[in-house]
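User: I'm new to this structure and would love a close look at a single part of it. Could you take me slowly through chain A, and show me how its pieces meet each other and their partner chain?

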Amino acid sequence: MAYLLELKKVTKRFGGLVAVNRVDFTLEPGRIVSIIGPNGAGKTTLFNLITGIYKPDEGEILFEGRSLVGLRPDQITAQGISRTFQNIRLFGNMTVMENILVGMHTRFRASPVDILIQTPRFRREEQQLREEALQLIRFVGLRASPDELAKNLPYGEQRKVELARALAARPKLILLDEPTAGMNPQETAETTRLIRRLRDELGITVILIEHQMRVVMGISERVTVLDYGEKIAEGTPEEVRRNPRVIEAYLGRGVAIGAIA
Amino acid sequence: MLRAKTMEWVTQIRNGRSIYLVGVLGYIVAALLLMNWLSQPGLRDAVWYPLVSALAFAAFLGSLLVIYYAPLAGAVKAILGLAILLVLLPILGVRNTFLLEVATQVGIFAAMALGLNIVVGFAGLLDLGYVAFYAVGAYLWAIFGSPQANIAFGTNRFPLEPEWFFLFLFLAVGVAALTGILLGLPVLRLRGDYLAIVTLAFGEVIRVIVNNLDKPINLTNGPQGIRPVQRPPLFFKPWLSALGIRLDDPTLYALYFYFLVLLVIGFAIWLARRLENSWVGRAWTAIREDELAAQAMGIPLVRMKLAAFATGASFAGAMGMIFAAKQYFINPESFTFMESIGVLVMVIVGGMGSIPGAIVGATVVTILNLQVLKGLSLMLNKLRQAGVVIPIINFPLSQWPTQLEPAKYERLVFGILLILMMILRPQGLIPERRHRMELAEALGREERAEPEQLPVEEELPPVIPAPEVRPTRD
Ligand SMILES: Nc1ncnc2c1ncn2[C@@H]1O[C@H](COP(=O)(O)OP(=O)(O)O)[C@@H](O)[C@H]1O
Ligand SMILES: [Mg+2]
């Protein structure tokens with residue numbers, strides 16, 4: 001089966017620190033997989049490598065068989081990879097609607113001339129995409145008004161806007177960096193259901209960085225474990241949970257992970 | 001609760017619209033009467049005349065603001081505004097061309113502020129060398145629209161005929177935009193402070209080049225400047241006389257430049273608004289808000305920043321050219337760092353990112369500098385000549401040092417204005433739409449507490465200062 005995403009021996013160093021160390025990773029389309037690991041394991045750095053924010057020092061990253069290395073983040077987004085950020089990065093002084101429309105940036109076709117003389121093409125496109133944005137708002141279950149400024153929303157709602165904004169580009173692959181961080185159990189359950197719907201209803205492949213084991217165990221078909229930048233285990237949630245290296249990686253640092261043990 | 005009250009209020013206003021129309025008209029008539037009264041010849045010599053006439057003109061221009069804020073139908077507002085700009089002001093201006101001169105200068109700065117607002121307000125790129133593009137436009141026409149080009153190229157083909165003016169207006173737009181792109185290409189990869197410093201330097205470099213390019217080939221005539229600069233053609237003069245309107249050439253030119261500037265402003269507003277409400281404007285704002293996230297949304301940073309830079313620069317280029325033709329004479333002194341700062345102050349005072357704000361900011365600052373400070377200086381001179389002594393401290397005004405003339409307080413005024421704005425109204429006189437919403441929101445919320453932000457782990461901690469820490473690639 002052809003891989004949607006393939007990482008070959010990817011390495012990233014920050015000065016003397018090896019944040020990601022010769023990581024191999026493959027992903028078939030239509031999967032939901034998780035990346036877990038203690039704080040500072042290199043999970044976010046891995047996302048930053050895939051999305052082009054960092055360039056790998058070594059190794060190869062292929063998306064649909066084509067190399068992503070050397071492409072700018074905006075070009076990678078245009079290829080069909082969207083993401084959310086661990087610490088929410090919304091455009092605070094823009095409305096919910098505008099945030100989502102910015103997420104659709106790669107899909108606008110109206111030229112500057114269309115914009116200036118407001119051709120039917122411009123109006124039609126603007127209207128269509130605004131309607132689609134409203135659908136996305138409903139899809140992620142946002143209660144806030146589309147005209148609310150993003151920064152005025154409560155935390156949980158902001159997370160939803162960020163997800164809607166990432167979906168707006170109609171990605172093939174979405175990278176979610178700790179989407180349930182800071183959420184209460186009810187919100188977490190809601191988000192978990194939502195992530196499953198991304199794949200089931202929209203057909204989007206999902207990579208998830210997650211700390212809450214309940215979420216990881218609940219929805220991921222495969223789990224990759226990073227520790228000190230290295231991949232130390234990979235497999236089904238059940239396999240990973242029993243893996244002695246994984247238990248050591250967590251317990252060795254005195255981190256209580258009741259959900260695993 | 002508060003919201004319901006506001007709604008009630010709004011409907012009341014809607015129903016009582018005619019009262020507001022009467023109010024607005026009353027204001028306009030009052031301002032006109034005041035200006036008419038001031039135009040009596042006998043008053044000109046009064047000590048207070050310069051200051052009061054400056055304030056009266058400001059009050060008259062203020063009627064545009066009154067119209068803008070009045071709860072009237074859009075069409076009514078448009079008619080009133082156009083009547084003032086296209087009819088009343090020109091009529092007043094024919095009686096006193098100085099008013100036209102001031103209005104034109106306000107207009108030139110307003111168009112520049114609109115352009116800089118795209119760069120600084122929309123896209124969040126701090127450009128401290130904006131005047132460079134103004135200089136490019138001005139010198140483009142000054143060189144070819146004067147005998148200067150003969151000296152530089154050893155011909156006698158120049159100055160170009162007035163008819164070339166309009167072709168050159170487009171050229172000035174293009175050349176300024178191109179200069180913006182050429183400067184932007186290396187510079188726009190820099191962030192924040194660095195961009196500010198490099199653009200500042202660029203502005204100075206252009207001025208120094210212009211100041212020194214009288215040798216080896218004399219292109220700009222150095223510090224002496226270029227004179228006379230060709231004016232645009234008075235192609236409509238026969239039409240006017242056919243209509244029985246007879247005006248002398250200086251008045252005609254004053255009117256001409258006034259309308260020309262008005263036309264460019266109209267175009268600038270139209271352009272800025274259309275861009276603002278499209279994917280282009282949203283991409284600019286996204287870059288201003290969070291560059292990294294913007295790029296992750298698929299926005300090509302360098303290309304969009306270049307577009308903002310070039311658009312802003314093109315406004316300055318057009319205005320520079322009109323300025324050169326209007327002044328008849330230009331030299332490097334018109335293009336100092338203070339001019340860049342001045343336009344920036346206009347944008348900040350008006351409200352960053354706000355189109356009406358840029359215009360109001362330009363008006364306030366220009367009137368303050370051009371009229372109020374000058375008026376104060378004139379007043380002081382008159383008092384000095386009259387041998388007035390400040391009472392309590394017994395200080396004879398004749399000993400007031402000329403260095404301390406109010407007309408020289410421009411920098412002080414910028415400083416005080418900025419400080420006052422930062423303290424009293426950091427979002428500007430007419431805040432950007434989004435900031436206005438935020439204010440409304442704050443009012444609507446009453447005392448409901450802000451939702452507590454959960455502390456989240458910093459995503460890209462610059463643990464080790466490696467060159468990769470900043471994603472500078474594009
Ligand atoms: N921009 C950066 N500069 C220097 N060090 C960094 C940078 N980004 C991440 N790191 C370091 O790389 C390591 C992995 O970080 P990260 O990928 O954020 O971990 P995780 O997301 O798994 O918690 C950490 O030690 C972190 O401090
Ligand atoms: Mg992380």
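Analyst: Happy to: what follows is a walk through chain A, from its domains to its sheet and then to its contact with chain B. Please keep in mind that this is a predicted model.

Let's begin with the way chain A is divided. Domain 1 is made of the stretches 26-54, 70-80 and 171-261, while domain 2 covers 90-170. Measured is not the word here, but computed over C-alpha atoms, the centres of the two domains of chain A are 26 Å apart. Where they touch, domain 1 of chain A contributes 19 residues and domain 2 of chain A contributes 12 residues.

How much area is buried between domain 1 of chain A and domain 2 of chain A? The figure is about 1,200 Å², with carbon and sulfur atoms giving 70% of that area. On the domain 1 side of chain A, Pro171(A), Glu190(A) and Leu194(A) supply 35% of the area buried against domain 2, more than any other three residues.

Glu190(A) is worth a second look. Its side chain meets that of Lys160(A) in a salt bridge, with 3.1 Å from N to O. Between domain 1 and domain 2 of chain A, the count is one salt bridge. Three residue pairs are also found in polar contact across this interface, both residues of each pair being at pLDDT 80 or more.

Which elements carry the domain 1 side of this contact in chain A? Strand S7 (173-177) and helix H7 (185-202) of chain A each supply at least two residues. The largest share comes from H7(A), with seven residues. By class, the domain 1 side that touches domain 2 in chain A has 11 nonpolar, one polar and seven charged residues.

Just before S7 of chain A there is a backbone detail to notice. Arg170(A) lies in the loop between helix H6 (155-167) and S7 of chain A. Although Arg170(A) is not a glycine, its phi is positive, at about 55°.

Now for the sheet. In chain A, four strands form an open antiparallel sheet in the order S2-S1-S4-S5. Strand S2 (17-27) and strand S5 (66-67) of chain A each have a single partner strand, so they stand at the edges with one side left without a neighbour in the sheet. Strand S1 (residues 5-14) of chain A pairs with S2(A) in the antiparallel sense over seven bridges. As one example of a bridge, Glu6(A) has Thr26(A), in S2(A), as its partner.

Finally, let's turn to the partner chain. Here 56 residues of chain A are in contact with 45 residues of chain B. The two chains bury about 4,700 Å² between them, 58% of it on carbon and sulfur atoms. The count between chain A and chain B is two salt bridges. In a salt bridge between Arg89(A) and Asp290(B), the closest N and O atoms are 2.8 Å apart. Across the interface of the two chains, eight residue pairs are in polar contact, both residues at pLDDT 80 or more.

On the chain B side, the elements giving two or more residues are helix H11 (249-276), helix H12 (279-289), helix H13 (291-296) and helix H18 (433-445) of chain B. H12(B) gives the most, with eight residues. The residues of chain B that touch chain A divide into 22 nonpolar, seven polar and 16 charged.

Technical notes:
Residues numbered from 1 in each chain as written. Chains lettered and ligands numbered in written order. Heavy atoms only, no water. Domains from an automatic or database assignment. Contact = heavy atoms within 4.5 Å. Buried area = accessible area lost by both parts, 1.4 Å probe. Salt bridge = Lys/Arg side-chain N within 4 Å of Asp/Glu carboxyl O. Polar contact = N/O pair within 3.5 Å; in protein donor to acceptor, adjacent residues only side chain to side chain. Nonpolar A, V, L, I, M, F, W, Y, C, P; charged D, E, K, R; others polar. Pairing = 2+ DSSP bridges.
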